[in-house]
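Please look through the structure below before reading on. The text then goes from the chain as a whole to its ligand sites.

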Amino acid sequence: MNLDLKISNKMKSFQLANESSPLSVTPNNFILPESKRPNHSEVKSLDSIPIIDLSYSHDNNPPSLEVIHKISKACEEFGFFQVVNHGVPEQVCHKMMKAITNLFELPSEERESLYSTDHTKSVRFLNYYLKVEGGEKIKCWSECFSHPWYPIDDTISLLPEKIRTQYREAFTEYAKEIGSLVRRLLGLISIGLGLEEDCLLKKLGEQPRQRAQANFYPPCPDPELTMGLTEHTDLNALTVLLQSEVSGLQVNKDGKWISVPFVPNAFVINLADQIQVLSNGRYKSVLHRAVTNNVSQRVSMAMFYGPSVDNTVGPIQVLIDEEHPPKYRNYRFSEFLEEFFKQEGRRRMVKEAFELPNEN
Ligand code: OGA
Ligand code: NI
């Protein structure tokens, strides 16, 4: 495994909000069965996902065909890419990362008051897990803080006073910037699919489901036995991820795992399940996971942009023809969410439930 690590001085052990003692050894309920461990499957470190320069956008020029082509190719081949020169000020990202780090440095009792296993709670700390054979739950070596983009004050009011102002300021600025970046990316992706520039944005609707998830991965004494986040695809349409200097994200490419290195001032962009469906399977929502390491803590911020809950999602009409019959049936996004939450720790992949039978 090629982990590009930076030595951190924060090796003090971390206590998850729902655990009774600090994580200085690896408890059994975090140890994955052999077949689910990170090294079980080969990790390729030579090539990684494409890095795409978006600098055209600074001077309001129309995107070059080259950028559109690169994005389209990345979407077809990887479902993932990184963007640089995206126009989001470095300071805004830095403040966001600092605010998240402070959040997870709160005493575990303070985080525990917001910890919940109930997915209907819109603001919560949570701990993902994998349900293995026999129904046993194996926890992920991470803690997440999940909340909506708007209205941010509903999230803020639940946070302890000492970090409220900082989180509100950091997130408000950050969300605005990421909102514009997402709209720009959806435009580029639409053009790449041969659609009108505003096609995907319109399809996703006027009240997109927008959620933020801060992920915190403490150092783990036994990274080969645990996982920060087990393999999954994202259920929304497009995800924008900001990661700290420590790498850990891996993306599945043709059955092999490739590491996503930390690139300064870059965002990792990934297509999620709804774009796979909207593009009638041309663009894939790819499996990814986060591994742990025994040296440094890692933080990341995932911004999920999805359809309006009441919107109907299905393959876009112009992408359907005789050669490309519809692969999915139309559904309401609320139906998809319902199916997703039924999974309960087993497989975070539900697209298959909406697949149409292949008639050829
Ligand atoms: C996620 C995710 C990866 C990471 O939050 O869905 O895949 O590197 N995160 O934190
Ligand atoms: Ni993800």
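The paragraphs that follow describe the chain, then the metal site, then the shell around the other ligand.

The model is predicted. Its chain has 360 residues, 54% of which count as buried. Eight helices and 17 strands make up the secondary structure of the chain. Contacts between residues at least 6 apart in sequence are mostly long in sequence terms: 78% of them join residues at least 24 apart. The accessible surface of the chain is about 16700 Å², and carbon and sulfur atoms account for 48% of that area.

Ligand 2 is a nickel ion, and its protein donors are His232 through NE2, Asp234 through OD and His288 through NE2. These donors lie 2.1 to 2.2 Å from the nickel ion. Along the chain, the donors follow the spacing H-x1-D-x53-H. Histidine 232 belongs to strand S9 and histidine 288 to strand S14, which covers residues 288-290, and this pair links parts of the chain that are 56 residues apart.

Are the two histidines of the nickel site buried or exposed? Histidine 232 has a relative accessible area of 4%, and it counts as buried because that value is under 20%. Histidine 288, at 5% relative accessibility, is buried as well.

The other site to examine is that of ligand 1. Its surroundings consist of 13 residues, and the closest are Asn215, Tyr217, His288, Arg298 and Ser300. His288 is thus named in both places: among the closest residues to ligand 1 and among the donors of the nickel ion.

Which parts of the chain each supply at least two residues of this shell? They are strand S8 (209-217), strand S9 (229-232) and strand S15 (298-306). S15 gives the most, with four residues. Sorted by class, the shell has six nonpolar, five polar and two charged residues.

Several side chains place polar atoms by the oxygen atoms of ligand 1. For arginine 298, a polar side-chain atom is 2.8 Å from an oxygen atom of ligand 1. For asparagine 215, the corresponding distance from a polar side-chain atom to an oxygen atom of the ligand is 3.1 Å. Histidine 232, a donor of the nickel ion, also has a side-chain N or O atom 3.1 Å from an oxygen atom of ligand 1. On its own, ligand 1 has 290 Å² of accessible area, and the protein covers 98% of it.

Terms used. Residues are numbered from 1 along each chain as its sequence is written. Chains are lettered from A and ligands numbered from 1 in the order in which they are written. This is a predicted model: local features need pLDDT of at least 70, side-chain atom pairs count only at pLDDT 80 or more; totals for chains, interfaces and linings use all residues. Side-chain values use heavy atoms; hydrogens and water are left out. A residue is near a molecule or strand if one of its heavy atoms lies within 4 Å of it. A polar contact is a pair of N or O atoms within 3.5 Å; within protein, one must be able to donate a hydrogen and the other to accept it, and residues adjacent in sequence count only if both atoms are side-chain atoms. Accessible areas come from the Shrake-Rupley method with a 1.4 Å probe; for residues, only the protein chains shown count as cover. Ala, Val, Leu, Ile, Met, Phe, Trp, Tyr, Cys and Pro count as nonpolar, Asp, Glu, Lys and Arg as charged, and the others, Gly among them, as polar. Donors are N, O and S atoms within 2.8 Å of the metal (3.2 Å for Na, K and Ca); water is not among the atoms, so sites may look incomplete. Buried means under 20% relative accessible area, exposed over 50%, partly exposed in between (1.4 Å probe, protein chains only). Contact means heavy atoms within 4.5 Å.
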